[in-house]
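Hi,

Here is the structure I said I would pass on to you. Have a look at it first, and then read my notes underneath.

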Amino acid sequence: MKSATPKVLHRIGGRSLLGHALHAARQVGPAHLAVVVRHERDRVAQHVAELDPQAVVVDQDEVKGTGRACECGLDALPADVTGTVVVTMGDVPLLTPATLADLTERHETSGAAVTVITAELPDAKAYGRVVRDGSGDVVAIMEYKDALRHREAGDDFAHVVDIREINSGIYAFDAQVLRAALAEVGTDNAQGEKYLTDVVGIARRDGRRVAAHLVDDLWQTEGVNDRVQLATLGRELNRRTVEHWMREGVTVVDPATTWIDADVTIGRDTTIRPGTQLLGATTIGAEVVVGPDTTLTDVEVGDGASVVRTQAELATIGPAATVGPFSYLRPGTVLGAHGKIGGFVETKNAEIGEGAKVPHLTYCGDATIGEGANIGAGTIFANYDGVAKHHTTVGRHSFVGSDSVLIAPVDIADGAYVAAGSAIEGTVGPGQIAVARGRQRNVDGWVARRRAGTKTAEAAEAAGAAAGAAGVEHAEQAPHTSSEPAASPETPTQES
């Protein structure tokens, strides 16, 4: 992988490669589940503990090979373990629980000592070859390098390199046969490793049956060895996931630009528009519209909601609520039913009540907004004083005017108003309106004095001349058209 990250911790579909393997294995319902680790042991073991605390982590020693890995795994289990041992790989992410269950059932009903999952490939490349006898039972599994040696020697196994049926590395064994055979397996081969495949030959030598379970879905046997294969399998996994949800009643307008992680759930009659990513443990209700150009990570969306051009993480969006466009919901955001988070709004640790609205151009952090409240455009919840974060509460059916700053901690009661352009730093009581802004003052002639010669000054002079001419014309016509009395002393005039 050419990476500081161990291969099995690279991710597709929202899970690590190892996470996919653990999920498939656990779904079969094993009495014991062991994960054999070696490279970057501590990081992988920690990941196993996070994903499946009941799994046993087993260390492989310096002896290399899949046979030794399996032997170490068996040694970590109770000595009297009997029944079927299923062996799978940590880098085969498309293997399904259903295939493992089918393998186990066929193995146990056939009476075979060993059953191996195989696949036929047009180009078998460097995979181990499956050698069968005339009855179709497996005689041996030969690693590619050893098959090449036989071809060079021109012996009875020279043809093996041309076989297209390959070993997936996924097996079901009789536990006692496996334990006894591994004790005999050596490292006399082209790679100097203890091969698990040698168990097949030993079982045959002892007169036991070895069966092959040929699968048509080649993707389930594909492993990951570089980032190109990682991307290829990730794309195929996503195609399958998207197709699954479409067959469950979800409309995906453009599957090619839609990415859905393996642990996402979506309700029926939901529409996913192009450019949407549903990641992590996101849960989408029924009759929801998501997208276009939306990324939701670990987000819960209620029935009937609409989320457009939005990025959200660890947030909850209530039923029939609307979000977007161009909204950013950070962790801790909870939007109530029928609520609204509008265009160019950022929220964080904000609980927005049922029917409440934060429609435009607002930062709302560390806040509680009551039912039916309205937050005007351009409002800032100033929650950080440089040292600590502080909370703001806006009560039920209250109204915060546009371009206001709420300097936390602030408590605005139910049914209160904040005048537009206010900077609020104290409590506002029920039914009050808070006005916290300077009185407007117009200074005559400022542009002519301070910006003389500019286009602004020219425009002001022209507008003033036009206004003066209009005033003269009005004065000349007024005696003929107006019967209004002269202004009383209490009536404001232009000069006042």
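Tyrosine 171 and phenylalanine 173 are both buried; in this predicted model, that puts each of them under 20% relative accessible area. Their ring centres are 5.0 Å apart and the planes meet at 25°, so this pair counts as stacked. A search of the whole structure turns up 3 aromatic pairs.

Another of these pairs is phenylalanine 399 with tyrosine 417: the centres are 5.1 Å apart and the planes are at 20°, so these rings are stacked too. Where do the two residues sit in the chain? Phenylalanine 399 belongs to strand S33 (residues 399-400) and tyrosine 417 to strand S36, so the pair ties together parts that are 18 residues apart in sequence. As for exposure, phenylalanine 399 has 32% relative accessibility and counts as partly exposed. Tyrosine 417 is partly exposed as well, at 45%. Both values fall between the 20% and 50% limits, which is why neither residue is called buried or exposed.

Now for the UniProt annotations. The unreviewed entry has a "binding site" annotation that covers Ala377, Asn383, Tyr384, Ser402, Ala420 and Arg437. I looked at some of these one by one.

Alanine 377 is in the loop that runs between strand S30 (374-375) and strand S31 (380-382). Its relative accessible area is 24%, so it is partly exposed. Which residues does alanine 377 contact, leaving aside its neighbours within four places in sequence? They are His360, Leu361, Thr362, Ser402 and Asp403. Ser402 is also on the annotated list.

Alanine 420 is in a loop too, between strand S36 (417-418) and strand S37 (423-424). Here the relative accessibility is 37%, and alanine 420 is again partly exposed. Not counting residues up to four places away in sequence, alanine 420 touches Gly401, Ser402, Ser404 and Arg437. Among those, Ser402 and Arg437 are covered by the "binding site" annotation.

Tyrosine 384, one of the annotated residues, has a charge over its ring: the charged end of lysine 389 sits there, 5.5 Å from the ring centre.

The same unreviewed entry type also appears for a domain: UniProt lists residues 5-119 as "domain: MobA-like NTP transferase". Over that stretch the chain is 40% helix and 19% strand, and the C-alpha atoms at its two ends are 30 Å apart. Proline 30 falls in the loop between helix H1 (17-27) and strand S3 (34-37). With a relative accessible area of 27%, proline 30 is partly exposed. Its C-alpha atom is 20 Å from that of aspartate 91, which is 61 residues away along the chain.

Last, a pocket to look at. The second largest pocket has a volume of about 410 Å³. It is lined by 19 residues, and the ones nearest its centre are Arg15, Thr96, Leu237, Thr241 and Ala262. Which elements give two or more residues to this lining? They are H1 and helix H8 (227-247). H8 supplies the largest share, with 5 residues.

That's what I have for now.

Cheers

Key: Residues are numbered from 1 along each chain as its sequence is written. This is a predicted model: local features need pLDDT of at least 70, side-chain atom pairs count only at pLDDT 80 or more; totals for chains, interfaces and linings use all residues. Side-chain values use heavy atoms; hydrogens and water are left out. UniProt positions are given in the numbering used here, feature names are shortened, and annotations may be inferred rather than shown by experiment. Helices (H or I, at least four residues) and strands (E, at least two) are DSSP runs, numbered from the N terminus. Buried means under 20% relative accessible area, exposed over 50%, partly exposed in between (1.4 Å probe, protein chains only). Contact means heavy atoms within 4.5 Å. Rings of Phe, Tyr and Trp (its six-membered ring) pair if their centres lie within 6.5 Å; planes under 30 degrees apart count as stacked, over 60 as edge-to-face and the rest as tilted. A charge sits over a ring if NZ of Lys or CZ of Arg is within 6 Å of the ring centre and within 35 degrees of the ring normal. On a 1 Å grid over the protein atoms alone, a cavity is a set of points where a 1.4 Å probe fits but cannot get out, and a pocket is an open set with protein on both sides within 12 Å along at least five of seven lines; lining residues have an atom within 4 Å of a point. Grid points are joined across faces, edges and corners, and a volume is the space filled by probe spheres set on the points.
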